[in-house]
Amino acid sequence: MAGERFEVEVSGTRLVLVQGDITREEVDAIVNAANPDLTPGGGVSGAIHRAGGPLVTESAAEIRRERGPLPTGDAVITPGGELPARWVIHTVGPVWHGGAHGEATLLARAYRSCLALAVARGLRTVAFPSISTGVYGYPVEQAARVALRTVRDFLGEHPGALDEVRFVLFSQADFLAYRTAASG
Ligand code: ADP
């Protein structure tokens, strides 16, 4: 069912879980689960590039030309183009290889890089998708625990630096996995 929502406060920041489409979110920045080449691809990335239009795709391509492939766990920022969000923060999550290849560390690093970039740019509201749990194959229950722990830790270290961090979960199953991780 759409419209599901869960909210807690962490160190002066609202931590919100909603079920929905991240391309519709009215926040300072939405996060893209990008590929290292920053091309549109499928999944959430394809949706963000489609909704944001050429400014997003061309800005991402320019960063790729200048810097080469984006390493897993790093983040870069482009304008949001035609999206309601002013900015898109592109990060590359890890591909799941069974869990013993540093996946959790890399996933945490991806969330942390996005949050640090948002704070450095003075942004106040950020929305994340469930990074790595689509094509990259990270089991959603485990990814949810890493994501929420990382965001909580970051907010504890940067109290009041952000007004809201929102997770926008595409399916009800994903929403429930994140809600379980958030309330457990
Ligand atoms: P990755 O390659 O990091 O696994 P995917 O885009 O394949 O990235 O999937 C990441 C998550 O994004 C999946 O849970 C997928 O269901 C979800 N997703 C796809 N489209 C959207 C959207 N428009 N808004 C929010 N989440 C989305």
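Histidine 49 is buried, with a relative accessible area of 5%. I start with this residue and work outwards. One caution before that: what you see is a predicted model.

Histidine 49 sits in helix 1. Its side chain makes a polar contact with the side chain of threonine 57, at 2.8 Å. Leaving aside residues up to four places away in sequence, histidine 49 touches Asn32, Leu38, Thr39, Pro40, Val56, Thr57, Ala60 and His90. Keep Leu38 in mind from that list; I will return to it.

Now a second residue of the helix. Alanine 47 is also placed in helix 1. Is alanine 47 buried or partly exposed? Its relative accessibility is 21%, and the limit for buried is under 20%, so alanine 47 counts as partly exposed. For a sense of distance, take alanine 47 and valine 135, which are 88 residues apart along the chain. Their C-alpha atoms are separated by 14 Å.

Next, what the helix rests on. Seven strands make up an open sheet, and their order across the sheet is 1-2-7-6-3-5-4. The pairing is mixed. Why is one side of strand 1 and of strand 4 left without a neighbour in the sheet? Strand 1, residues 5-10, and strand 4, residues 75-79, stand at the edges, and each has a single partner strand, so one side of each has no neighbour there. Neighbouring strands of this sheet are turned against each other by 20 degrees on average, with direction ignored.

Strand 3 covers residues 29-33 and strand 5 covers residues 87-91. These two run parallel and are joined by five bridges. For one pair to look at, alanine 29 has tryptophan 87 in strand 5 as its bridge partner. Helix 1, residues 43-52, packs on the sheet and touches both strand 3 and strand 5. The direction of helix 1 makes about 135 degrees with that of strand 3.

Between strand 3 and helix 1 there is a loop, and leucine 38 is in it. This is the residue I asked you to remember, one of those touched by histidine 49. Leucine 38 is not a glycine, yet its phi is positive, at about 60 degrees. Leucine 38 is buried, with a relative accessible area of 4%.

Let us go to the other end of the sheet order, to strand 1 and strand 2. How do strand 1 and strand 2 run, parallel or antiparallel? They run antiparallel, and six bridges join them. One of the pairs is arginine 5 with valine 18 of strand 2. The two strands form a hairpin with two residues between them, and there serine 11 takes a positive phi near 50 degrees. Serine 11, too, is a residue other than glycine. Serine 11 counts as partly exposed, at 35% relative accessibility.

On to strand 2, residues 13-19. Six of its seven residues are buried, so strand 2 is mostly covered. Threonine 13 lies in this strand and counts as buried at 0% relative accessibility. Not counting residues up to four places away in sequence, threonine 13 touches Val8, Leu155, Gly160, Leu162, Asp163, Glu164 and Val165. Threonine 13 and asparagine 35 are 22 residues apart along the chain, and 29 Å separates their C-alpha atoms.

Strand 2 also pairs with strand 7, residues 164-169. Here the sense is parallel, over six bridges. Glutamine 19, for example, has leucine 169 in strand 7 as its bridge partner. As background, strands of a sheet pair through backbone hydrogen bonds, either parallel or antiparallel.

Last, the ligand. How many residues surround the ligand? The number is 16, and the closest are Asp21, Val44, Ser132, Gly134 and Val135. Valine 135 is the residue I paired with alanine 47 when giving the distance of 14 Å.

Three polar approaches to the ligand can be listed. A polar side-chain atom of aspartate 21 lies 2.8 Å from a nitrogen atom of the ligand. In threonine 133, an N or O atom of the side chain is 3.3 Å from a ligand oxygen atom. For tyrosine 136 the contact comes from the backbone: a polar backbone atom is 3.0 Å from an oxygen atom of the ligand. Taken alone, the ligand exposes 560 Å², and the protein buries 88% of that.

How values were computed:
Residues numbered from 1 in each chain as written. Predicted model: local features only at pLDDT ≥ 70, side-chain atom pairs only at ≥ 80, totals over all residues. Heavy atoms only, no water. Pairing = 2+ DSSP bridges. Helix = DSSP H or I, 4+ residues; strand = E, 2+ residues; numbered from the N terminus. Axes fitted to C-alpha atoms, helices over the stretch in contact; angles between N-to-C directions. Contact = heavy atoms within 4.5 Å. Buried < 20%, exposed > 50% of the residue type's maximum accessible area, 1.4 Å probe, protein only. Near = heavy atom within 4 Å. Polar contact = N/O pair within 3.5 Å; in protein donor to acceptor, adjacent residues only side chain to side chain. Areas by Shrake-Rupley, 256 points an atom, 1.4 Å probe, with all protein chains shown as cover.
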